[in-house]
Amino acid sequence: MEMVTKNNSATFKNFINNEWVSSQSNEVLESISPMNKNEVVGYVQKSTQEDLDKAFKAAEDAKSAWRKIGQHARGQFLFKVADIIEQNIDDIAETATREMGKTLPEAKGETARGVAILRYYAGEGMRKNGDVIPASDKDALMFTRRVPAGVVGIITPWNFPVAIPIWKLAPALVYGNTVVFKPATEASVTAAKIIECFAKAGLPKGVLNFIVGSGSVIGQGMIEHSSLNAITFTGSENIGKSVAKWAAESGVKYQIEMGGKNPVIVAKDADLDNAVEAVISGAFRSTGQKCTATSKVVVESAIYDVFKKKLLAETEKITVGNGLNDEIWMGPCASQGQFDTVKDYIEIGKSEGATLIAGGEVLSGDEFDNGFYLTPAIFDNVKADMRIAQEEIFGPVIALIEASDVEEAIKIANDTKFGLSASIFTSNIGSLMEFIDEIEVGLVRINAESAGVELQAPFGGMKGSGYGSREQGEAAQEFYTEIKTVFIKA
Ligand SMILES: NC(=O)C1=CN([C@@H]2O[C@H](COP(=O)(O)OP(=O)(O)OC[C@H]3O[C@@H](n4cnc5c(N)ncnc54)[C@H](OP(=O)(O)O)[C@@H]3O)[C@@H](O)[C@H]2O)C=CC1
Ligand SMILES: O=C(O)CCC(=O)C(=O)O
């Protein structure tokens with residue numbers, strides 16, 4: 001399905017009704033590497049409304065047969081997809097690194113996680129899809145049956161180019177939905193490689209349709225499409241809110257996962273070495289481009305200086321560069337847009353009166369000049385109401401804030417419109433119990449970093465971090481199915 005064109009880069013087609021097809025526009029978009037903006041990772045289709053209509057028609061036509069094939073048989077397809085992705089793990093991971101910049105070990109870990117997610121949902125094929133509930137009439141049988149939502153639209157971001165598409169596709173398919181999937185343009189070559197694995201597993205025609213194109217045409221066109229029954233979105237706050245608004249107006253089910261401003265509290269009784277390691281990993285892995293990334297660190301006054309010293313010492317050891325090289329720990333920002341945003345926030349932090357005590361420098365010289373590289377940044381003297389302590393930066397930037405005690409630290413941690421993930425480092429059971437009670441987030445982490453999710457557990461946030469039911473684990477069933485309550489009188 002791929003052809004080699006200019007610059008020896010391949011062109012990837014859309015996958016509609018089980019055929020690899022070019023867009024009606026006859027135009028392609030290029031996906032470039034953030035490690036070197038002159039390197040084209042691949043060309044993808046610049047799709048049109050007409051292409052989108054074909055994708056929806058295919059999904060609509062396939063709906064009934066896919067539902068009737070049964071949950072068990074659908075699960076078996078996912079086992080096959082998992083095996084095929086596992087066989088192609090090196091190629092997929094390397095593509096992800098070249099396309100969005102995270103290091104190769106991270107990309108491999110993410111692809112392996114994709115395989116595990118597929119196997120989890122393949123197993124769902126053999127688990128219950130309803131409950132028997134006692135009826136008030138002793139001669140009646142009452143039960144629920146979960147049925148597919150219908151045609152599901154999937155819109156994904158670029159920051160987890162493998163795991164996020166899979167944690168939406170796998171439950172959508174096993175619970176009997178057909179799909180129209182639009183990946184982030186900046187991660188569309190990686191997405192195409194994943195779809196190739198689904199295609200090789202021999203899914204029936206029209207069950208999974210893959211279409212690449214701009215957010216404003218294909219994303220927006222998807223939300224407005226009359227055949228859409230449910231939409232799941234992960235991405236920015238602005239677009240997420242607009243997707244939710246459109247969906248609510250047209251009576252379409254929606255699940256929206258947006259950003260975070262994830263705090264880590266370090267209490268005076270914490271194991272400081274563990275806390276430092278977790279803060280570095282949570283804040284700087286994937287160049288800080290995770291919705292669960294650590295971005296403000298609230299430290300009790302009694303240990304503020306010693307923690308800061310240890311954090312600075314470890315941050316200095318971080319190697320930045322091309323994530324395909326073994327010795328590199330942190331890659332570039334994923335795009336020019338992300339790079340510019342992070343640079344802007346570094347300036348905003350300084351102008352607000354915070355002190356930049358590490359990093360935040362753009363790297364230059366041969367291997368860096370054409371990439372989006374900067375060093376991991378730490379701000380000291382941050383006040384809780386500064387923009388760098390309130391807004392999602394989505395880059396390798398830590399705001400350090402001092403608190404007099406755990407109670408004040410929790411107040412500062414909660415002082416944000418977001419509510420995705422939060423951690424506390426403490427050995428005091430009273431502090432950790434208070435944290436569990438008081439913290440306003442969907443993912444509560446004790447003595448563990450703010451990022452990193454378990455595929456078998458519910459994932460999602462409170463407050464401005466998302467709308468709709470949770471993703472992953474068995475919670476995903478809530479979004480991808482409707483419930484029929486059946487009452488049978490003998
Ligand atoms: N929660 C998370 O995991 C993520 C959060 N973010 C946050 O968002 C910021 C900006 O990132 P960005 O990539 O621009 O995020 P976007 O929200 O723009 O992109 C996410 C997805 O939505 C699509 N999209 C764009 N416009 C529309 C539209 N009008 N209707 C429907 N879909 C649309 C995009 O397509 P296309 O790629 O073609 O534009 C992409 O597939 C980041 O700095 C970060 O703060 C970003 C990524 C992930
Ligand atoms: O922390 C993780 O592993 C997942 C993060 C995530 O879902 C995201 O950044 O979109």
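Across the interface of domain 1 and domain 2, eight residue pairs are in polar contact, both partners at pLDDT 80 or more. A polar contact is a pair of N or O atoms within 3.5 Å; within protein, one must be able to donate a hydrogen and the other to accept it, and residues adjacent in sequence count only if both atoms are side-chain atoms.

This is a predicted model: local features need pLDDT of at least 70, side-chain atom pairs count only at pLDDT 80 or more, and totals for chains, interfaces and linings use all residues. Residues are numbered from 1 along each chain as its sequence is written, and side-chain values use heavy atoms, without hydrogens and water.

Domain 1 covers 3-258 + 465-489, and domain 2 covers 262-454; the bounds come from an automatic or database domain assignment. Their centres, taken over C-alpha atoms, are 31 Å apart. One salt bridge crosses the interface (a side-chain nitrogen of Lys or Arg within 4 Å of a carboxyl oxygen of Asp or Glu).

Ligand 2 lies between the two domains, because both give residues to the shell around it. That shell has 13 residues (a heavy atom within 4 Å). Among the nearest are Arg113 and Thr292. Three polar contacts of ligand 2 oxygen atoms follow.

| Residue | Partner atom | Distance |
|---|---|---|
| Asparagine 159 | N or O, side chain | 2.9 Å |
| Cysteine 291 | polar backbone atom | 2.5 Å |
| Glycine 452 | polar backbone atom | 2.8 Å |

Taken alone, ligand 2 exposes 290 Å², and the protein buries 99% of that (Shrake-Rupley method, 1.4 Å probe).

Terms used. Chains lettered and ligands numbered in written order.
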